[in-house]
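Here is a short, friendly tour to read alongside the coordinates. Keep the viewer open and follow each stop as it comes.

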Amino acid sequence: MRKMNTEQLIPEIRELAMKACYELDDNVVNAFRDALQREKSEYSRQTLELLIENAEYAKMEQIPCCHDTGVCVVLLEIGQEIAWEGMPLFDAVNEGVRQGYRDGYLRKSVVKDPLERVNTGDNTPAVLHTEIVPGDKVTITVMPKGGGSENMGAFTTLVPGEGPEGVKRFVMETIKHAGGKTCPPIIVGVGVGGTMDYCTWIAKKALLRPIGRRHPKPLYAKLEEELLAEINKTGIGTLGMGGTVTALDVHVEYYPCHITALPVAVNLQCHASRHASKTI
């Protein structure tokens, strides 16, 4: 059994919060470059070139690649052989987020009450997800989620008989309704199955999968490819300016569900696909 003080998480989350907002990883930037080669619209080509330039400049200068530094989603994959000590885990996570957003000069986008609308002033509380995994390590993933793309997500429960075609129909309805509001080129996370809450989580977690990596199960890999092709036929294009490339990829995840239900969730990620991870 490994003892770990929760305060060890604070400096790690602080650094990851800043890194995620400053640096789009190579997987994302290379996807921009690939899209540039396939894009036929001159307006969208010029815009993709600007997105690449923006990402490179933000990384070089260590400044946010987008002004909307989002709600801070934190995933902790916790080894089952860890015994925690110290301050409450959620408090430690929030302190790390607080320091990262303060020291990194990141925009504070969280309001204390959704109806009263008073800003918390430090971008806390974070949205924390924990998963228990084998081993004695903790993998921390910080995922700032901006409002433009998050606002256009959707959930429904289909009749089981609607099957893959029903899933595709709902995803396409969501994409067409969103249009350019999600700041394309987007990554599309789709959750299928589970319960209402878990379905929406796996849709968001799907966004963490590297662009270009297909689901290992052929049924879902095929669904991803079909959806990607259909989305890129919409002509929405980069930042909604029209064009060949609207989505960089589609990632589908599934979970067992009740016999009477076919839950489907769509979580959209703008071109600023920000996340950073570290295992300690």
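The report below goes from a sheet and its helices to one helix, an aromatic pair and a single aspartate. Please keep in mind that this is a predicted model.

## The four-stranded sheet

A good place to begin is an open sheet of four strands, ordered β4-β2-β5-β10 and mixed in its pairing. At its edges are β4 (127–133) and β10 (276–279), each of which pairs on one side only. From one strand to the next, the twist averages 15°.

In general, the strands of a sheet pair through backbone hydrogen bonds, either parallel or antiparallel. With that in mind, you can look at the two partners of β2 in turn.

## Strand β2 and its partners

Strand β2 spans residues 71–79 and pairs with β4 in the parallel sense, over seven bridges. Two positions help to find this pairing on screen: Leu76 stands opposite Thr130 in β4, and Val73 has Val127 of β4 as its bridge partner.

With β5, strand β2 pairs in the antiparallel sense, and here there are eight bridges. A handy landmark is Cys72, which stands opposite Pro144 in β5. How much of β2 is covered? Most of the strand is, with seven of its nine residues buried.

## Helices on the sheet

Helix α4 (residues 89–103) lies across β2, β4 and β5 (138–145), and runs at about 135° to β2. Helix α7 (residues 196–205) also packs on the sheet, where it touches β2, β4 and β5. The direction of α7 makes about 95° with that of β2.

## Helix α8 and its buried side

Now turn to α8, a helix of 14 residues. From its first C-alpha to its last, α8 reaches 20 Å, close to the 20 Å expected at 1.5 Å a residue.

Which residues of α8 are buried? They are Tyr220, Ala221, Leu223, Glu224, Leu227, Leu228 and Ile231. These residues cover an arc of only 160° around the axis, so they sit on the same side of α8. What covers them includes α6 (163–178), β7 (186–193) and β8.

## A stacked tyrosine pair

The count of aromatic pairs in the model comes to two. One of them is formed by Tyr220 and Tyr254, which are stacked, with 4.6 Å from centre to centre and 5° between the planes. A pair counts as stacked when its planes are under 30 degrees apart, and the 5° between these two rings therefore fits that class.

Why does this pair tie together parts that are 34 residues apart in sequence? Tyr220 lies in helix α8 (residues 218–231), whereas Tyr254 belongs to strand β8 (residues 247–255), so the pair links those two elements.

Are the two tyrosines buried or partly exposed? Tyr220 has a relative accessible area of 13% and is buried, because the cut-off for that class is under 20%. Tyr254 has 35% relative accessibility and counts as partly exposed.

## Asp103 in helix α4

The last stop is back in helix α4, where Asp103 has its place. At 28% relative accessibility, Asp103 counts as partly exposed.

Leaving aside neighbours within four places in sequence, what does Asp103 touch? Asp103 is in contact with Arg14 and Met18. Glu7 is 96 residues from Asp103 along the chain, and the C-alpha atoms of Asp103 and Glu7 are separated by 18 Å.

Technical notes: Residues are numbered from 1 along each chain as its sequence is written. This is a predicted model: local features need pLDDT of at least 70, side-chain atom pairs count only at pLDDT 80 or more; totals for chains, interfaces and linings use all residues. Side-chain values use heavy atoms; hydrogens and water are left out. Two strands pair if DSSP finds at least two bridges between them. Axes are lines fitted to C-alpha atoms, for helices over the stretch in contact, and angles run from 0 to 180 degrees between N-to-C directions. Contact means heavy atoms within 4.5 Å. Rings of Phe, Tyr and Trp (its six-membered ring) pair if their centres lie within 6.5 Å; planes under 30 degrees apart count as stacked, over 60 as edge-to-face and the rest as tilted. Buried means under 20% relative accessible area, exposed over 50%, partly exposed in between (1.4 Å probe, protein chains only). The expected span of a helix is 1.5 Å times one less than its number of residues. The arc is that of the directions from the helix axis to the C-beta atoms.
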